[in-house]
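Here's my note on the model you sent over. Have the structure open while you read, and we can go through it point by point.

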2 protein chains.
Amino acid sequence: MSKAEWIWYPDDFEIELSNKLMAERYERDVMIPPFWKTPTCFQNVKFRKTFDLGKEERVRIRAEGVFNVQIDGAYLYSVKDEFSVPAGKHEIVVSVYNGKGLPSLRMEGETVFTDGTWDVTCNDHVMKKAGSDSEFLQDNTPNTFRLPSKEVFPVAAVETGLGTVYDFGEEIFARVKLTGAALGKKPRVYYGESFAEATDPGHCELLSEDFVVREGYVTTVIAKAFRYLLTEDIRFDSLSAFAEESPCRCKSSFVCNDGRINEIYKVAERTMELCSREFILDGIKRDRWLWSGDVYQSSLMHYYSFFDEKVIKRSMIALFGKSPFNLHINHIVDYSFFWIVCFDDYLTHSGDEKFGRENCCKAFEILDYCLSRRDEKGWMDSRPDDWVFVDWADLDNTGEVCCEQMLLVVALRRCVGLAGRFGYSEKQAEYSAVLRETEAKLEEFWLPEKNAYTYSFKNGKPDGKVLMHPNIFAVLFDLCGDERKEVIRKNVLKNPEVPKIVTPYMRFYELSALCRLGDTEYVTGEIADYWGAMLEEGATTFWERYDSEEKGDEKYAMYGRKYGKSLCHAWGATPLYLLGRYVAGLKATDGAKSFVVSPDLAGLKWFRAELPLVRGTVKIEADEEGIRVSSSELSGVLVAGGKEYPVLPGRVTEVKR
Amino acid sequence: MSKAEWIWYPDDFEIELSNKLMAERYERDVMIPPFWKTPTCFQNVKFRKTFDLGKEERVRIRAEGVFNVQIDGAYLYSVKDEFSVPAGKHEIVVSVYNGKGLPSLRMEGETVFTDGTWDVTCNDHVMKKAGSDSEFLQDNTPNTFRLPSKEVFPVAAVETGLGTVYDFGEEIFARVKLTGAALGKKPRVYYGESFAEATDPGHCELLSEDFVVREGYVTTVIAKAFRYLLTEDIRFDSLSAFAEESPCRCKSSFVCNDGRINEIYKVAERTMELCSREFILDGIKRDRWLWSGDVYQSSLMHYYSFFDEKVIKRSMIALFGKSPFNLHINHIVDYSFFWIVCFDDYLTHSGDEKFGRENCCKAFEILDYCLSRRDEKGWMDSRPDDWVFVDWADLDNTGEVCCEQMLLVVALRRCVGLAGRFGYSEKQAEYSAVLRETEAKLEEFWLPEKNAYTYSFKNGKPDGKVLMHPNIFAVLFDLCGDERKEVIRKNVLKNPEVPKIVTPYMRFYELSALCRLGDTEYVTGEIADYWGAMLEEGATTFWERYDSEEKGDEKYAMYGRKYGKSLCHAWGATPLYLLGRYVAGLKATDGAKSFVVSPDLAGLKWFRAELPLVRGTVKIEADEEGIRVSSSELSGVLVAGGKEYPVLPGRVTEVKR
């Protein structure tokens, strides 16, 4: 690979690409762009670097946009695709303007070539380091980027009254390819995640009417999610699909004595692989958007499976957008807070100092915005434009909602840490003071007579409602002491009188909290039951939601639409996290330079896991005889039976029962 | 014309169009984009309006960008170019996303059609009234807008050693058209504002190498400024040009006994017409950019000639760009202040309450930014990134420059007025307090021993330098009493020891200030001499700068380039303002509902002027016998010999000497 890279203004590649992709959401033939404000890249930028050359050098230049070249402040005339830099020390400045996309630049000479060491400015007097990512771009240019694709073929063709239905055997994200096609007047492809959906052309969520004619074949324009296909008013010789490949590779495995769980693990992997694309999407059929809460959960799953740092970073960059931060991410208050937690957790798992240093001010900007929107009592309240969300469930989120105050405390804690780590001492002091006050005030939500955190305050008084949500957060984010956590466990989380969590989104937090309280056996049982039931329904990826009470095609409905439910939803991959974090028991420590393993059989007879670290992997085996741990690159610690044992690279640490 | 209009997010049409045009600046074959940060439009917007229909209605829809339609919150499927709205009351919401330009919409039904009454949001929870301008767009769409053009033909062909030079007789802004063209390998068109420039292909500022082939002819891609043309490596049958027409029509005339001044007036008109295009440009050959200081001066000239409210508004909108305002306009401190003055003056002349109400917060935003950049003494100082400019001359602008403090005072005064007028009482109180302090502090720049304002403070002390600039501003912007103004006149402005103003930019202010002090006869003499000399050089439009000392082709040089000087520069049209404002003596009053005329023969024997008002025109004749004034629509006042006489529409008010 050449040393020369395409470069751009930092974050702008991610911003442009996410805009383009999010605008590819369709509901049947209706395009649905995000309903939040989307940022745009800077269209007029200047790249700069100084070189000291021993001899004159020819440099080839390509730009996306119109450009000019200055050497030592003088314009070069007649530069089409190459120019010379004379011997000696020279400052090269290239202006690129692109009114229809991302201004980007690639220069290639022996010593003069573009890469991330160049400076760039949007003409605001501030120079930043240019963005670049050759590994991700491959042979694409920044403005024509597409994930690589692979041709795949249907595994079955089923004749129906409507015509032949093609079954690709599993969910894919692909453009349909037809050879020998004669497109009729109203050519259409109908897609189905389920057979039922593909054979219901009047109600399926996705269809295509636009085709690109190439030499020898036609394809649909936009890649879409499906397993089954039905065509209408098209004659063709053969049908296949160009399936876009995820840039992420799974680095983990988990096998145990329970075959269902082994199968669940593989399907969870496949689910996360499909949702991890240019960015981490919530689901590939319907939204195809970036949601901060979903990206946060997915990032935690990633650390125990794909651990693709880049897809997490790209997603965080796109979600933040551009300063000034003056609207909640996805309009959701919680999701602004989760960006901060996601960012801090990313640093914990990756130890990525550079990304941390370059982006920590974004966390501060988000927090400052949230702080500016507190009410006169210092609480996050429900402003008309701020979507207080908590859960994808029917909740009364008026007044001051406990979960929001909890997330505020968590965000403050994280930002105190970040400010200290990256040398923002004033911020650190400021946030510390607010944190102390807010933590103290949070106590008002604890109702001793109910042994629970109340859901919200209404008109200055606790509403007295006991729901799982704030109590889950209290355990998960260490918002109270161990004694109170135990009270919560008994009195709320395991209390059949308290309404159950029904959404997989909140179940992620609930099951994590239960694991933290030691209920791992209950959790592996839940995994086997809830996720196992989806397998019994024939799932090749995990769903947005599953309810065993829903019978027949009813199970595909959601949002008032017959096939509104997503059958490949990132949070469906929750077992990746639960099994890696709480059964295998792995935790990154010491700025991701080390790790701790505390395996827990959790009711299983035995398991063998291999899990990624920021460098290398760690293998963890446990059975009734004992525990064996080995790491390929990093040193760590095994905790078993209350004792600590060193784990050294390339050696097996074994502890017998 | 149909009632249906193209609509867009307010300001975004102007922002997109100005970006596109400013990126069409070329120096030979080098594209030169603005060196300041350029804003971009919102790409993802939602239009909304509620209708109450007596019966179902078909609506045709066109969008630039992908779109969807919701009626009462439900998406309509399969909308390609029309849809139905059922009878009854319905809310129509149309989302438009355009990743490559301005999202815009046009809907046409009997009662349901798009216009400026629609709401629009960039998905930030704020609804604004949509932008529209059918009169300006004509048959264009918002993204393909081009000024109308007219084919014009050379008036002469001159054979030279380099080939035939085509002379269009006067400066035009045009695309070159060739019929029967055979383009060689390196086809080029060389442009010249002067014959010398067109016949110096190695040094002329503009050339074209790109051509659009159409049926029957080819044209150059970008319209450029020229009078003379030379082609290279092109054979053709005939050559002409598509000259883009200004949207502005001159509404004034001025004739007097001095034939030179009459000729100057016409050439000034032509100069301003050429520079008044989509926006008011500084000059049409070289920069083709929007500069706030130039737009301000040009707007004053406009009020006495073209009075095209729309081109002034478009220019102010494009110059401001998008909130938050966090960089000086054109990077120049003075130019931020001049935006505020320009805005306020616009309201004085137009009485345009709607524009004032919708945009006064921009003035406050600019002022707040400037206030935030004062030093600890409350003065505007010279920060590294803030270009303290004052004049296009060699000035030492370090330290605290007097002119900047003066502009701060002027801006504060204007904003106190605006805040009061549009009901921002807190702002009004805040600015009033800062104004009092700043006015008081300005006295430190007055040096009684020198009878002049000193140029700047250096290290806390006046530099003692006496230059024209601050003393001109003091007179022009009423920063001191009449007595001191008279001291300044004698001691500075008319003092041959004080270095002369040499740039036409500052001469605009200097001559205006002298007129205010009653030196109108001197000013008409200067007009006849300085501008008359350019006519003698054969000018068909007025130049960026003229120096009678420069001989031969030397006079075309500037910025170290042989033909760097612009020969059609907006500020060259200064006589339009001086003659209208101080000789004809017209001033808009009472929120532009009325006017005052106080004619001044200024050394002329007689003159007859017709000048525009916001509605109608006013005719002013003066000679040694007396004065005659008539107005077509507005009532006003004639001031003559210290007395006031009413001017009533359609009647002549005559005052004998």
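1. Start with a pair in chain B: B:Ala588 has B:Phe595, in strand S28(B), as its bridge partner. S28(B) covers residues 594–597 and runs antiparallel to S27(B), with four bridges joining the two. (Strands are DSSP runs of E of at least two residues and helices are runs of H or I of at least four, numbered from the N terminus; two strands pair if DSSP finds at least two bridges between them.)

2. Before going on, a caution: this is a predicted model, where local features need pLDDT of at least 70 and side-chain atom pairs need 80 or more, while totals for chains, interfaces and linings use all residues. Residues count from 1 along each chain as its sequence is written, and chains are lettered from A and ligands numbered from 1 in the order written.

3. Back to that hairpin. S27(B) and S28(B) have four residues between them, and B:Asp590 in the turn shows a positive phi of about 55°. Which side chains of S27(B) are buried? B:Leu586 and B:Ala588 are, on one face, whereas B:Lys587 and B:Thr589 point to the other face and are not. (Buried: 20 or more other C-beta atoms within 10 Å of the residue's own; exposed: 12 or fewer; partly exposed: in between, with C-beta atoms placed from the backbone.) In a regular strand, side chains do alternate between the two faces of the sheet.

4. Now the two chains. Turn chain A by 180°, with a shift of 0.0 Å along the axis, and it lies on chain B with an RMSD of 0.0 Å. That is the relation of a two-fold axis. (The fit is least squares on C-alpha atoms of residues with pLDDT of at least 70 in both copies.) A:Lys100 is the residue of chain A that comes closest to the axis, its C-alpha at 2.1 Å. Both copies use the same surface, with 100% of the contact residues of chain A recurring in chain B.

5. How many residues does each chain give to the contact? Chain A gives 35 and chain B gives 35, where contact means C-beta atoms, placed from the backbone, within 7 Å. On the chain A side, the elements giving two or more residues are helix H1 (12–22) and strands S2 (30–31), S5 (66–71) and S8 (88–97).

6. Helix H7 of chain A (residues 333–350) has 18 residues and spans 26 Å from first C-alpha to last, close to the 26 Å expected at 1.5 Å a residue, which is 1.5 Å times one less than the number of residues. H7(A) is mostly covered, with 16 of its 18 residues buried. A:Gly351 follows H7(A) and has a positive phi near 60°.

7. Chain A also has an open, antiparallel sheet of three strands in the order S22-S25-S26. At its edges are S22 (400–401) and S26 (461–462), each pairing on one side only. S22(A) and S25(A), residues 456–458, share two bridges, and A:Val401 has A:Ser456 as its bridge partner there.

8. One more residue to click on: A:Tyr217, in strand S18(A), residues 217–220. A:Tyr217 is partly exposed because 17 other C-beta atoms lie within 10 Å. Leaving aside residues up to four places away in sequence, A:Tyr217 touches A:Lys177, A:Leu178 and A:Thr179. A:Arg436 is 219 residues from A:Tyr217 in sequence and 65 Å away in space, C-alpha to C-alpha.

Technical notes
Two residues are in contact if their C-beta atoms, placed from the backbone, lie within 7 Å.
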